[in-house]
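Q: I am new to this structure. Please take a close look at how its helices pack, and then turn to its pocket.

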Amino acid sequence: MTTTHRGSAPVDPRSGYAAVPLLGEGEALSKKDFTSDQEVRWCPGCGDYAILAAVQGFLPELGLKRENIVFVSGIGCSSRFPYYLDTYGMHSIHGRAPAIATGIAASREDLSVWVVTGDGDALSIGGNHLIHALRRNVNLKILLFNNEIYGLTKGQYSPTSRVGQVTKSTPLGSLDTPFNPVSLALGAEASFVARTLDSDRQHLTAVLRAAAEHRGSAFVEIYQNCPIFNDGVFDVLKDRTEAQARILHLRHGEEVTAGDGDDERVVVHDNRGGLSVVPRADADPTRIVVHDEAAADPSGAFALSRLDSPELSAVPLGVFRKVSRPTYDDQLREQIASARTGEVTDADIDALLAGKDTWQVAETTGA
């Protein structure tokens, strides 16, 4: 098996982790091994069932011991996830799952840490925790289930609900402009950003695999149906004919397209510097967008994310961005190691604490 390296520690390409123990030679786990004995308690038809089955089926691919995998959740329907996985887990407090998971990842390099959250949990009370985890590039895999509603608390509008949506808390229609979670993550400089759909098992698993292989913060938005309070919100993406016309496929190094044959549409750079979707027959071949998920500048990925609209007429699915940059927890451990090896002495710390209110930490040069 080919590995990359982080310093002197080999990084397993399946899990994106350096120090997480792998299963021994000949050992293997199955979906059953990751299925807990707890009764799954979601409403019939909830999209969470499909996501749970996909995650349980995918985890054995990582080749990691169950005791070295942790799922942290906040509050919401999606946040029951840790109960149903036979791994370590923590059902934490509203919106704070990224903060708690950051502490776990920073202090325990031997753990693969995942966050499960919803559009209300992550983007309302937990908004700041989410964006700071992403900008810091903590080695977390963050799965955001987006059903555009508060399900657990019985149908209030959420930060991703559409303008005009009538709910129990907006009886005359929502006035709030909704978040686009992918745009938000890209604006926070997330090093990995993707979007997928609860009912597309193959695509969902492929995205989960790519997220797991990424070292750093991996943010995955999953469109998920709530059959009780927002049923059918993504039905046009699940109908085969409608989906073919609406879903824009993001594949690294390939043109961004939707449809097929005479009905194929492509994404092009327009005269205003933005992106638009046009029939292939009307497209200038020199302006057709070829997807580059590894681009250092996230503006191209951001422009793709803005093609999405409440009408779901053009919805990009796949990996928007996947770039490599230092992770917060790796750098934190390196700082601690340097202090312990004597580069920073007790005398230095004492002098700092007892010294003046300002101090110089490094020599500066310049005119």
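A: Here is a walk through two helix pairs and then the largest pocket. Keep in mind that the model is predicted.

Two packed helices are described by the angle between their axes and the distance between the axes. Start with H1, residues 48–58, and H6, residues 201–213. They pack at an angle of about 50 degrees, and their axes are 10 Å apart. H1 and H6 are therefore oblique to each other. Their crossing is right-handed. On the H1 side, the contact is made by Ala 50, Ile 51, Ala 53, Ala 54, Val 55, Gly 57 and Phe 58. H6 brings Arg 201, Leu 204, Thr 205, Leu 208, Arg 209 and Ala 212. By class, this contact of H1 with H6 has nine nonpolar residues, two polar and two charged.

Next come H2, residues 97–107, and H4, residues 127–136. Their angle is about 35 degrees, with the axes 7 Å apart. Here Pro 98, Ala 99 and Thr 102 of H2 meet His 129, Leu 130 and Ala 133 of H4. The contact of H2 with H4 has four nonpolar residues, two polar and no charged.

Now the pocket. The largest pocket has a volume of about 460 Å³. Its lining counts 28 residues. Gly 76, Cys 77, Ser 78, Gly 151 and Leu 152 lie nearest the centre of this pocket. Helix H3, residues 119–125, gives the largest share of the lining, three residues. By class, the lining of the largest pocket has 13 nonpolar residues, nine polar and six charged.

Technical notes. Residues numbered from 1 in each chain as written. Predicted model: local features only at pLDDT ≥ 70, side-chain atom pairs only at ≥ 80, totals over all residues. Heavy atoms only, no water. Axes fitted to C-alpha atoms, helices over the stretch in contact; angles between N-to-C directions. Helix = DSSP H or I, 4+ residues; strand = E, 2+ residues; numbered from the N terminus. Parallel < 35°, antiparallel > 145°, perpendicular 65-115°, else oblique. Left-handed = near helix turned anticlockwise from the far one by under 90°. Contact = heavy atoms within 4.5 Å. Nonpolar A, V, L, I, M, F, W, Y, C, P; charged D, E, K, R; others polar. 1 Å grid on protein atoms, 1.4 Å probe; cavity = no way out; pocket = protein on both sides within 12 Å on 5 of 7 lines; lining within 4 Å. Points joined across faces, edges and corners; volume = space filled by probe spheres on them.
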